[in-house]
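Work through the exercises below with the model open beside you. Try each task before you read its solution.

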Amino acid sequence: MTRVLLVDDNEPNLYYLSALLRAHGYETESARHGAEALVKARRSPPDLVVSDLLMPVMDGYTLLRQWTADPHLRGVPFVVYTATYTEPEDEDLARGLGARAFILKPAEPEAFIARLRAVQSEAAPAPSALPTPPPENGLFAEYSEVLIRKLEQKTLQLEETNRALHTDVAAREATEAALRASEANLRLLTEAMPQLVWVSRADGKNVFTNQRWGEYTGLAASASEGDRWIDPFHPDDRARVSAAWAEAIATGGTYSLEARIRRHDGAYRWWLVRGVPQRDGSGAITKWLGTCTDIDDIKRTAADLEQAHSQLRQAQKMEAIGRLAGGVAHDFNNLLSVILSYTTLVLDEMAPDAPMREELGEVRRAGERASDLTRQLLAFSRQQMLQPRVLDLGKVLRDMEKMLRSLLGEDVDLALATEGLAGKVHVDPSQIEQIVMNLSINARDAMPRGGKLTIEATDVELDQSYVALHPGAAAGWYVMLAATDCGAGMDAATRERIFEPFFTTKEKGKGTGLGLSTVFGIVEQSHGHIEVYSEPGVGTCFKIYLPRTDRQAAEPEHLSLPVAAALRGSETVLVVEDDSQVRAMTCAILRRSGYRVMEAGDGDAALALSGSFEGEIHLLLTDVVMPRMSGREVAEHIAATRARIKVLYVSGYTDKSIVHHGILDDGIAFLQKPITPDALLRRIREVLTAP
C-alpha cells in the first residue's frame, strides 16, 4: 500500500486529503509543518509527500529544499498542493527545487488523484539529475536579487546605446548623459539600501562598496578594494568564505553563504552574503554584483526559540516522569508500612539475645533506607507534604556553615555570600537544608582534588525577557540561591538529564541518582525555578529562584511530644484503609496499644459502621485516596452525625481534597506513609489530646 505524508497546518485540509486518499487505497500520515515532516520522514520515509507552502516553523519551500538535499529523501516524489502562491514564478521555483508536480487548490478529487498517480508512474530521476537546492535566504535577499536583475537589464541597455554612439556623436552625448544620470540614480539607490552592496571585477577583485558598508565596518572604500574585502570577516569564517568565492568565480555560479562581519566597534554580526555574475552578450562574466543582508537577529531569535522549545520538551518529560514516580512511591509506601511496622512489632517482642534479632534489624534498616528513597521520589514528583514558614535564607546558610565545612572536608574552600540579602522566603526549613546539602555533596564529588564552592543568596528580579526563554518561570522578585563550583562540569547531554530520578554520573554504588531530582521537586513544589549552567572542565552553577516575601521570619515552634509510656490509649478508633495489609497492620498496632478498633475497607463500609455503632467514636483514621469515596468525603459524611469526632488522614502522597500544592489546609491532621508504630501512636495521641 502506498504511504503518503501530508504536510499542512490547516486541520480541515488534512482531514479532507486523508479521507480522500484513504478512500482510494492510500495509507496516510500527517504533519503540521515542514520541521515535523522531516522528523517523521527521516524516521520512516514515505512513498510520496504532498505539501502546502505557507506554514509555521518551516514553510513548504524550505521543506522542499531540505528534502531534495537529503540523500535518503530526495528520491521520494514531492508534490506541492497550495492556494497561497499562484504566480508562475512560484511554480518555477518549486519545480526548480525538485517538486514533481505543482497543484493549485481546490482541485477536483478525481483530477487530484489522477495527478498523484501520474507522478507515481513517472520514472524517478537519477540522483545526479535532481536540482541542487538553492541556498537559504530571506525577504531582503530576494529583494536584492530583484534589484540586481534590474541593474543587469539597465546595464545591457546602456551597452547597446554605447555601440550606437560610434556613428552618431549627438546621440552618444545624449546617451552618455542618460548613462551618468542612470548611474547616479543607481548609486543613490544602493546608498539608500539597508544591505551592504559590493561590485567586483570578473576575477573577483573588489572595486565598489556602498556607503552602508563603510558605515558598518568603519573602513574607507579604498580599504576594501582588491582582496582586502575579506579583512572584516570573522577569522573563523575567512577560509570558508574565500573557498566559496573561489568556487563561484571558477564555475560562474551564484555565490551565497552566511558569515560574520566585524562592525566598526569590534562586534560581529551574522550576514547573508550573496553575489550574482553579470554577463555580456556572449555569456562571458564581466563583473559580480552582490549584497550582504543582516540576519543576526533572525539567527539569534531562532536559537532562542530552539532553546525555549528544548526546555519546554524537557519540562514535559520531567512532568511525565514525576507522575510515574509519585504513583510508584505511593504503592511502595503501603508495602513499606507493612514491612517496617511488623518488623518493629516483632523486634519489640524479642529478647535482646534472641536468634534472628540481628537479621530482623537489618530488614528494618533496609526498609528505612527504602523509605528515604520513596520520600525523595515524592519530593521529585512534588507530592510530598510541606510545612513552610517565613525564613531568612541568609541565616539558614550561616547556621549550616559549620556542618557544611565538615561535610566538604579540608580540600574544598567554602565561601558564603549573603551580604545585602533583604527578602525572605516562605518554604519548608528542612527542605531548604536538604537542597543545600545535596548541592554541596554534588559539588564536593565534582572536585575530587579539591577546589572552591561558593554559596550565594541575593535578591533578584526576573523580567519578561527571562521568562520568555525559560518555560515555567514567572516574572517578579525572587531570592536567588546559587551554588557554584570549579569541578569537572557537564556537557549538554548530561545537563538535559540531571534532574531525572536515578540518573547519575557517579560510579556504581556511590549515588542513587535522586539527589538532584529531589532538589528539582522541592523547588517546583515551593513555586520556585531552577537553572543549571555548566561547561566541561570549567565547573557548574545551580541557580534556584524562590519567591520573595517581605514578611518577618517566623520563630521555630518547639513541640513537646508524648513519651513512649504515654502512647497507649483506650479510645475507639475507626480505621478506613482500602489496602488490606496496611489495614490489618494498623489495626494490630492500635489493639496492642489498648485502643478499641473498628475497621472498614472503603467509605461505604465506614459509613455503615458509624451509623450502626451506638457508642462514641473518638477518632477517624482514614487513608486519603480510595476508590469511589475519598478520605475527605468519608470524614465529611461521618462528621455530619458525629460532630465531636477527630480525624487523622494517612496517605503515601498528597491529594487535592486536603492539600493545595502540597501544603495542608488549616486544621488538617496528616501522617505521611510509610507508617511505623511509634510515629502512628505519637500522631494519634497528638490529635486526641489537642483542644
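## Exercise 1: Two loop residues with positive phi

Valine 57 is exposed, with a relative accessible area of 68%. The model is predicted.

Task: find where valine 57 sits and state what its phi is.

Solution. Start with the location. Valine 57 is in the loop that runs between strand 3 and helix 3. Now the backbone. Its phi is near 70°, a positive value in a residue other than glycine. Next, go to arginine 628. Its phi is near 70° and positive too, again in a residue other than glycine. Arginine 628 lies in the loop between strand 20 (619-623) and helix 19 (631-639). It is exposed, with a relative accessible area of 65%.

## Exercise 2: Helix 3

Task: decide whether helix 3 (residues 60-69) is enclosed or open, and name what its buried residues pack against.

Solution. Step one is the cap. Aspartate 59 caps the N-terminal end of helix 3, with a side-chain oxygen 3.2 Å from the backbone nitrogen of tyrosine 61. Step two is burial. Eight of the 10 residues of helix 3 are buried, so the helix is largely enclosed by the rest of the structure. Among these buried residues are Tyr61, Leu63, Leu64 and Trp67. Step three is the packing. The buried residues sit against strand 1 (3-7), helix 2 (34-43), strand 3 (48-51), strand 4 (78-82) and helix 4 (88-97).

## Exercise 3: A hairpin

Task: describe how strand 6 and strand 7 (residues 206-209) pair.

Solution. Read the direction. The two strands pair in the antiparallel sense, over three bridges. Pick a facing pair. Serine 200 stands opposite asparagine 206 in strand 7. Then check the turn. Strand 6 and strand 7 form a hairpin with four residues between them. Glycine 204 in that turn has a positive phi of about 95°.

## Exercise 4: Aromatic pairs

Task: take tryptophan 198 and tyrosine 255, classify the ring pair, and say which parts of the chain it ties together.

Solution. First, the total: the count comes to 11 aromatic pairs. Tryptophan 198 and tyrosine 255 are 6.5 Å apart, centre to centre, with 75° between the planes. Planes over 60 degrees apart count as edge-to-face. The pair is therefore edge-to-face. Tryptophan 198 lies in strand 6 (residues 196-201) and tyrosine 255 in strand 8 (residues 255-262), so the pair ties together parts 57 residues apart in sequence. Both residues are buried.

Repeat with tryptophan 245 and tryptophan 288. They are edge-to-face, at 5.1 Å centre to centre and 70° between the planes. Tryptophan 245 is in helix 9 (residues 235-251) and tryptophan 288 in strand 10 (residues 285-294), 43 residues apart. Tryptophan 245 and tryptophan 288 are both buried.

Now join them up. Ring pairs link Trp198, Trp229, Phe233, Trp245, Tyr255 and Trp288 into a cluster. For a charge over a ring, look at tryptophan 270: lysine 299 lies over its face, 4.7 Å from the ring centre.

## Exercise 5: Arginine 583

Task: say whether arginine 583 is buried or exposed, and list what it touches.

Solution. Arginine 583 is in helix 17 (residues 580-592). Its relative accessible area is 16%. Under 20% counts as buried, so arginine 583 is buried. Leave out residues up to four places away in sequence. Arginine 583 then touches Val575, Glu577, Asp578, Glu599, Ala600 and Gly601.

How values were computed. Residues are numbered from 1 along each chain as its sequence is written. This is a predicted model: local features need pLDDT of at least 70, side-chain atom pairs count only at pLDDT 80 or more; totals for chains, interfaces and linings use all residues. Side-chain values use heavy atoms; hydrogens and water are left out. Rings of Phe, Tyr and Trp (its six-membered ring) pair if their centres lie within 6.5 Å; planes under 30 degrees apart count as stacked, over 60 as edge-to-face and the rest as tilted. Buried means under 20% relative accessible area, exposed over 50%, partly exposed in between (1.4 Å probe, protein chains only). A charge sits over a ring if NZ of Lys or CZ of Arg is within 6 Å of the ring centre and within 35 degrees of the ring normal. Contact means heavy atoms within 4.5 Å. Two strands pair if DSSP finds at least two bridges between them. A polar contact is a pair of N or O atoms within 3.5 Å; within protein, one must be able to donate a hydrogen and the other to accept it, and residues adjacent in sequence count only if both atoms are side-chain atoms.
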